[in-house]
Amino acid sequence: MECIFCAIVEGKIPSATVYEDEHVFAFMDIAPANPGHLLIIPKQHYRNIFDMPAEIGSKIMEVAVLLATAIREALNPDGLNLFQSNEAAAFQTVFHFHLHLIPRWEGDPLRLPWRPSEGNIEEISNIAAKIQEAL
Ligand code: 5GP
Ligand code: ZN
């Protein structure tokens, strides 16, 4: 079965498009978490952040800055979340990289999916060292 977001880029499935350039495409999410919820995707198919070139990630972030400003101008939200999922374990349901932009208003129903609590400093430092070694 063809990727649904590739089909959107190709115009085979309609979408409310808000931005398009050579590499990047942005359209409204069909099941918005809040009014103005949109998705930014690379036109080329990458499953998620683990197989997307960093240059494409930079282009997506440039468009995110542009669209965040446009959302603020158009909808006057109190805030905005960037949200991005990689693999099912991290809530990914469509396996073509996408960055969510979700405008936020004070008192809206969205909640953090975790409860922040203090970590163990030694454990945090050990994990930081592991990640640095892997670079
Ligand atoms: P994920 O859960 O993978 O981070 O996000 C997938 C997002 O794609 C969901 O927010 C979902 O509502 C949106 N979505 C899924 N299918 C379609 C579609 O056909 N059109 C649009 N515009 N959004 C879609
Ligand atoms: Zn795709």
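Begin by selecting ligand 1 in this predicted model. Its surroundings comprise 16 residues, and the closest are Met28, Asp29, Thr93, His98 and His100. Display these five residues as sticks before moving outward to the rest of the shell.

Next, colour the chain by secondary structure. Which elements each supply at least two residues of the shell around ligand 1? Helix 1 and strand 2 (24-28) do so. Helix 1 contributes three residues, the largest share of that shell.

Now turn to the polar contacts of ligand 1. Select Asp29: one of its polar side-chain atoms is placed 2.5 Å from an oxygen atom of the ligand. At Thr93 a polar backbone atom is involved instead, with a distance of 2.7 Å to an oxygen atom of ligand 1. Then select Phe91, where a backbone N or O atom lies 3.1 Å from an oxygen atom of ligand 1. With these contacts displayed, switch on the surface of the ligand. How much of ligand 1 does the protein bury? Taken alone, ligand 1 exposes 520 Å², and 82% of that is buried by the protein.

The second stop is the zinc ion (ligand 2). Select its protein donors: Cys3 through SG, Cys6 through SG, His45 through ND1 and His96 through ND1. These atoms lie 2.0 to 2.3 Å from the zinc ion. Why is the arrangement called tetrahedral? The four donor atoms subtend angles of 104 to 119° around the zinc ion, and the arrangement is tetrahedral because all angles must fall between 85 and 135 degrees for that class. For reference, the ideal angle for four tetrahedral donors is 109.5 degrees.

Follow the zinc donors along the sequence, where their spacing reads C-x2-C-x38-H-x50-H. Cys3 and His96 link distant parts of the chain, being 93 residues apart. Cys3 belongs to the segment before helix 1 (4-9), whereas His96 sits in the loop between strand 4 (79-83) and strand 5 (99-104).

Finally, colour the zinc donors by accessibility. Is His96 buried or exposed? His96 is buried, at a relative accessible area of 0%. Cys6 is also buried, with 13%. Cys3 has a relative accessible area of 18%, so it counts as buried under the 20% limit. A search for disulfides closes the tour: the count is zero, with a pair of cysteine sulfur atoms within 2.5 Å as the criterion.

Technical notes
Residues numbered from 1 in each chain as written. Chains lettered and ligands numbered in written order. Predicted model: local features only at pLDDT ≥ 70, side-chain atom pairs only at ≥ 80, totals over all residues. Heavy atoms only, no water. Buried < 20%, exposed > 50% of the residue type's maximum accessible area, 1.4 Å probe, protein only. Donors = N, O, S within 2.8 Å, 3.2 Å for Na, K, Ca; no water. Tetrahedral: all angles 85-135°; square planar, octahedral: opposite > 155°, others 65-115°. Helix = DSSP H or I, 4+ residues; strand = E, 2+ residues; numbered from the N terminus. Near = heavy atom within 4 Å. Polar contact = N/O pair within 3.5 Å; in protein donor to acceptor, adjacent residues only side chain to side chain. Areas by Shrake-Rupley, 256 points an atom, 1.4 Å probe, with all protein chains shown as cover.
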